[in-house]
Amino acid sequence: MKKSLLLAALLLSSAAQADVYFCSTSSAVYVGAKPSELSGKSIISEQPNGADSYSNFVIDTSKGFRRASQDNSTYQGSCEATDEGVYGIRVACTRLDVYHFQNIFIKEYPETDQEIYFTEAEHLFGSNVSSSAGKCTKA
Amino acid sequence: MKKTLLLATALACSGAAQAEIFSCTSTYGAAIDRDELVKAPIATQSWIVDTTRGLRVTQENRVVKDYAGDCEVLGRNVGLLAVCNAEDGIFTHTVKIQKRSNGEINFLASMLGVYSISHAGTCTEI
């Protein structure tokens, strides 16, 4: 009985530590090297203020992350939050499979009035990388 | 005893033979932050990719971070596909390198921190 209570307490403690962030993209860039043009030509496009549900992210430090446009059961990857003391909280999320490599970095400053920002990059299968950056709110 | 030594030597040599090392330099890069496109193109950035030791980050012939992090080889069906990660204290570097069956080697890299910086370029095997 005591052990069950201890387990429940541990589970609740773990659940309480999960943080959820809603992150909106305000700038994005796409860089690609076409396989047929490996001499180094690249493409870039800027989408300022291009925030939409596909570009925005929901990060749950206990579940991973997903695009805001995705079903809320489709969390991917894993996240690690690090308390850096006077430098605030740093959250790093990563997802790796043969088709995608994606990571998200969130920085939350210790002062409550400071904004929370994020940067993100996704290496797609093939030859391009898309990245985005913006601001987050904490649930 | 001889057999053990031979086996150990063979295993060591086999491990060493699996290391693949590439020198990668960006030909194009762009940086954004939470508000806007900061700069494009940006200064050249280089990495030495060692599939067994991780990434060495260099900038303007100066080593910013010696071998750190790790690499994961995702495929060898047609050439090589590997992803390497390392942190230098400011940025998290991710380099995806692809060696094609025709010998061409290209890479894409991202650096995440205050900025999100993306690079594309080519590599040579060393």
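This is a short tour of a predicted two-chain model, one selection at a time.

**Before you click**

Chains are lettered from A and ligands numbered from 1 in the order in which they are written, while residues count from 1 along each chain as its sequence is written. Because this is a predicted model, local features need pLDDT of at least 70 and side-chain atom pairs count only at pLDDT 80 or more, whereas totals for chains, interfaces and linings use all residues. For the model as a whole, the scores are ipTM 0.77 and pTM 0.79.

**Stop 1: chain A, the overview**

Select chain A and switch to cartoon. You should find 1 helix and 9 strands; here helices (H or I, at least four residues) and strands (E, at least two) are DSSP runs, numbered from the N terminus. The order along the sequence is α-β-β-β-β-β-β-β-β-β.

Chain A has 139 residues, and 32% of them count as buried. Buried means that 20 or more other C-beta atoms lie within 10 Å of the residue's own; exposed means 12 or fewer, partly exposed is in between, and C-beta atoms are placed from the backbone.

Now for contacts, meaning two residues whose C-beta atoms, placed from the backbone, lie within 7 Å. Of the contacts in chain A with a separation of 6 or more, 41% are between residues 24 or more positions apart.

**Stop 2: a hairpin in chain A**

Select residues 57-60 and 64-67 of chain A. These are strands β3 and β4, paired in the antiparallel sense over 4 bridges; strands pair if DSSP finds at least two bridges between them. The hairpin that joins β3(A) to β4(A) goes through 3 residues. For one rung of this ladder, click Phe57(A): its bridge partner in β4(A) is Arg67(A).

**Stop 3: β7 of chain A and its two neighbours**

Next, select residues 100-108 of chain A, which is β7. Is this strand mostly covered or mostly open? Mostly covered: 8 of its 9 residues are buried.

β7(A) has partners to show. It runs antiparallel to β6(A), with 8 bridges joining the two, and antiparallel to β8(A), with 9 bridges. Phe101(A) is a handy residue for seeing both pairings: it is the bridge partner of Leu96(A), and it stands opposite His123(A) in β8(A).

Stay in the area and pick Ile106(A). Leaving out residues up to four places away in sequence, it touches Tyr21(A), Ile59(A), Val91(A), Ile116(A), Phe118(A) and Cys136(A).

**Stop 4: the nonpolar core**

Keep Ile106(A) selected and add Ile59(A), Val49(B), Val95(B) and Ile97(B). These five touch the most other members of the largest nonpolar core, which has 51 residues. A nonpolar core is a set of buried Ala, Val, Leu, Ile, Met, Phe, Trp, Tyr and Cys residues joined through C-beta atoms within 7 Å.

**Stop 5: Val31 of chain A**

Val31(A) lies in strand β1 of chain A. It counts as buried because 28 other C-beta atoms are within 10 Å. Try the distance tool from here to Lys63(A): the two are 32 residues apart along the chain, and their C-alpha atoms are separated by 29 Å.

**Stop 6: where the chains meet**

Show both chains. How many residues of chain A are in contact with chain B? There are 32, and they meet 30 residues of chain B. On the chain A side, β1, β2, β6, β7, β8 and β9 each supply at least two residues. The largest share, 7 residues, comes from β9(A). By type, the chain A side divides into 16 nonpolar, 13 polar and 3 charged residues. (Ala, Val, Leu, Ile, Met, Phe, Trp, Tyr, Cys and Pro count as nonpolar, Asp, Glu, Lys and Arg as charged, and the others, Gly among them, as polar.)

**Stop 7: chain B, coloured by confidence**

Select chain B: 1 helix and 10 strands. Its 126 residues include 38% that count as buried.

Colour by pLDDT, the predictor's confidence in each residue, from 0 to 100. The average for chain B is 83, and 87% of the residues score at least 70. Among its elements, helix α1 (residues 2-17) has the lowest mean, 50, and strand β3 (residues 46-50) the highest, 95. Over residues 11-17 of chain B, pLDDT stays under 50, and the model has 0 contacts there beyond four places in sequence. Where pLDDT is low, the predicted coordinates should not be read in detail.

**Last stop: Asn102 of chain B**

Asn102(B) is in the loop between β8 (92-99) and β9 (105-112) of chain B. Asn102(B) counts as exposed because it has 9 C-beta neighbours inside 10 Å. Gly75(B) is 27 residues away from Asn102(B) in sequence and 16 Å away in space, C-alpha to C-alpha.
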